[in-house]
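Visitor: Could you take me through a close look at a single part of this structure, and then show me how that sits beside the rest? I'd like to follow along with the model open.

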Amino acid sequence: MGLSQSVVRSVAFAFAVAVCVALAALQVGRAKSAGGTRSSQAAVTLRELPGGAWRVTYDLPRDVAQLDLGPNFGDYRARAWRVRTGGVEIAVEEGRDVVRPIDRRRRFNTISFDVSKAAIGLPRVYETFTPLGANGALIFTGHFQPWSGDGARRPIAFNVEPLDGRFVSVFDEVTPRLENWRSRFDNPAFLYIGDAPSMRGPGLVGVVDSATPDWVAQEVGAFAPEVIGYLSARFGWTLQATPNLFVSYGGDETPGRAMFEGDALPAQFRIGLRGGAWERRSPFAEHILRAGVAHEAAHLWQTAARPFSEDAPDWIHEGGADSIAAETLVALGWWGAQDLRRRRHMAKAACFRMLRGVSLPALEARGEIAASYDCGQTINDLAARAHPEGAIGFWKDFISRARAEGGYDADLFFEVAGEHGGPQFADALRRFAILPQARPSEALLAVEAALDSRSATRSAAGSIAKAGDH
Ligand SMILES: [Zn+2]
C-alpha cells in the first residue's frame with residue numbers, strides 16, 4: 001500500500017493506543033449453568049424510562065436471602081443503582097455487590113432498581129451503558145446477570161423494553177421488545193438499543209454511528225463482511241451467531257490523528273474511532289481501519305477457546321489477533337508482502353525496546369499493554385512460521401487443543417508451537433516469552449536458529465528419502 005515511513009510511525013502509534021478489552025471478560029469456569037434445572041428460571045426485565053434511566057426488575061423462581069450481583073467496581077452500584085424495593089439494600093461483601101434484606105431474617109423473590117447511566121470508569125471493565133451515536137447505547141448484559149455461590153454467572157432470561165419507536169438488536173434479532181432472551185453463548189453480550197441497525201446482511205448486522213464519516217461507514221460495510229467470510233473459510237467454522245459490529249465515532253478533537261479502540265465478545269465486536277484523520281479517506285486511515293477491524297474480527301474466532309484463568313497472558317490473544325489480522329490483510333489483497341514485512345519488523349523492534357532488561361510477564365504485570373501487542377505478535381508470528389498453515393493454522397490447532405483441555409495458558413501455547421516447530425524451537429520461544437532479556441534480539445535469533453535447524457533437518461531427511469527412491 002506504499003506507506004511512507006512517517007505514516008508508518010503514526011500507524012505504529014495508533015496500534016499502541018488500540019486498547020482492546022477483548023477476552024478479558026472471558027474465562028473458563030465462569031460459564032457453568034445450573035444445568036437446565038428449575039432454578040434457572042430467573043428473569044430480569046430492563047425497561048427504559050423517559051429521561052435515560054432504566055428500571056431493572058429481577059424475578060426469581062424462589063425466595064432467596066441474598067442476590068450476588070458480581071464484583072464491586074469502585075462502588076459503581078452505590079452511585080448508579082437505586083433500590084426501589086423497600087427493606088432491601090445493596091451491601092459490599094468480600095468485594096462483591098450483594099442485594100439483601102436489611103432485616104437479615106427476611107427473604108425476597110423480586111427486587112427492583114432504577115439504574116442511571118453513570119459510568120464505571122475502570123480500565124478493562126466493560127461499561128454497563130456505552131453510548132453509540134446520538135440516540136443509541138450498548139448494554140453489557142454481564143452487569144445484570146447475578147452470580148451463584150460457586151463463582152459462576154447464573155443463567156437468566158432477559159426481557160428488554162426500550163421506549164416506543166426504538167429497537168433492541170442482538171445477533172440477528174432486531175425487535176421493539178426482547179422477550180425471554182438467553183444468549184446462546186455462556187458469556188455476556190452487548191444489546192444495542194436505538195434505531196434499527198444500518199447494516200443488515202446475512203453474515204453481519206452492524207450499527208454505525210450516524211456521525212461516522214461516509215467513507216468509513218462504506219469501507220467498514222464492505223470490508224468487515226469480507227474479513228468475516230475469509231476467517232470462516234480458513235478456520236473452517238462459522239460463528240455460532242450472526243456477528244454484530246458496532247461502530248462509534250468520537251469526532252475530531254485531535255486533528256491529524258486516527259485513534260482506534262475496540263473490543264470483542266463472542267460474535268460481537270465494537271470499534272470506537274476518534275481523531276481528525278478519520279474525516280477524509282487516506283491510505284493512513286484506511287490502513288488503521290482495516291488492520292483494526294481484522295484484529296477485532298480475529299478475536300471472534302479466538303473466543304472459541306478460553307484461558308484457564310485471568311492469569312493467562314494477554315500476549316497470547318492480542319499478539320495472536322495481530323498475527324491473524326496481518327495474514328488476513330495480505331490474503332485479501334489489502335497488504336502487499338512489503339507491508340507485512342514492515343509491520344512484523346516494527347512489532348519486533350518495538351518489542352526489543354520494551355523487553356531490554358525485563359521479562360514480558362513483568363511488562364504485562366506493569367500494565368504495559370503495548371508489549372502484549374508487539375511482543376505478542378512477534379511470538380505468534382514465530383509460531384505461525386513453524387506451522388505449515390501460518391497463524392490461522394496455528395490458532396486452529398491451539399483452539400482445538402484448548403477446547404480438549406478445557407482452557408489454555410502459556411504452557412499450552414508452547415506445547416502446540418512445538419508440534420510443528422520441534423522441542424528446541426518451543427523451548428527457545430518459551431525462554432524469549434517468559435525470561436528477562438538482557439539482549440532480546442539475540443534471544444530471538446536463538447528461536448529463529450532453532451526453527452531453521454528444524455527445517456534443515458527436515459529437508460535433509462526429505463533428500464535422503466528421495467535418494468532412497470531411486
Ligand atoms: Zn485485541
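**A strand and its partners**

Guide: Happily! Let's begin with β9, which four bridges join to strand β14 (residues 190–194), the two running antiparallel. Please keep in mind that this is a predicted model. To find one rung of that pairing, pick Phe140: its bridge partner in β14 is Phe190.

Now look for the other partner. Strand β8 (residues 129–132) also pairs with β9 in the antiparallel sense, over four bridges. Here you can select Thr130, whose bridge partner in β9 is Leu138. β8 and β9 form a hairpin, with three residues between them. In that turn, Gly133 has a positive phi of about 75 degrees.

What about the surroundings of the strand itself? In a regular strand the side chains alternate between the two faces of the sheet. In β9, Gly136, Leu138 and Phe140 point one way, while Ala137 and Ile139 point the other way, and all are buried. Because five of the five residues of β9 (residues 136–140) are buried, the strand is largely enclosed by the rest of the structure.

For the wider setting, the chain has twelve helices and 19 strands. Of its 470 residues, 42% count as buried. Among contacts with a separation of 6 or more, 66% are between residues 24 or more positions apart.

The helices give you something to set beside the strand. The axes of α6 (residues 337–355) and α8 (residues 369–386) come within 8 Å and cross at roughly 120 degrees, which means α6 is oblique to α8. The crossing of α6 past α8 is left-handed. Residues of α6 including Arg344, Ala347, Cys351 and Met354 take part in the contact with α8, where the residues include Ala371, Asp374, Cys375 and Thr378. By class, this contact has eight nonpolar, two polar and four charged residues.

Cys375 leads us on to Trp315, found in helix α5 (residues 314–331). These two residues are 60 apart in sequence, yet their C-alpha atoms are 7.0 Å apart in space. Leaving aside neighbours within four places in sequence, Trp315 is in contact with Leu360, Glu364, Ser372, Cys375, Gly376 and Ile379. Trp315 counts as buried because it has 28 C-beta neighbours inside 10 Å, where the cut-off is 20 or more.

Key:
Residues numbered from 1 in each chain as written. Predicted model: local features only at pLDDT ≥ 70, side-chain atom pairs only at ≥ 80, totals over all residues. Buried ≥ 20, exposed ≤ 12 C-beta atoms within 10 Å, placed from the backbone. Contact = placed C-beta atoms within 7 Å. Axes fitted to C-alpha atoms, helices over the stretch in contact; angles between N-to-C directions. Parallel < 35°, antiparallel > 145°, perpendicular 65-115°, else oblique. Left-handed = near helix turned anticlockwise from the far one by under 90°. Nonpolar A, V, L, I, M, F, W, Y, C, P; charged D, E, K, R; others polar. Pairing = 2+ DSSP bridges.
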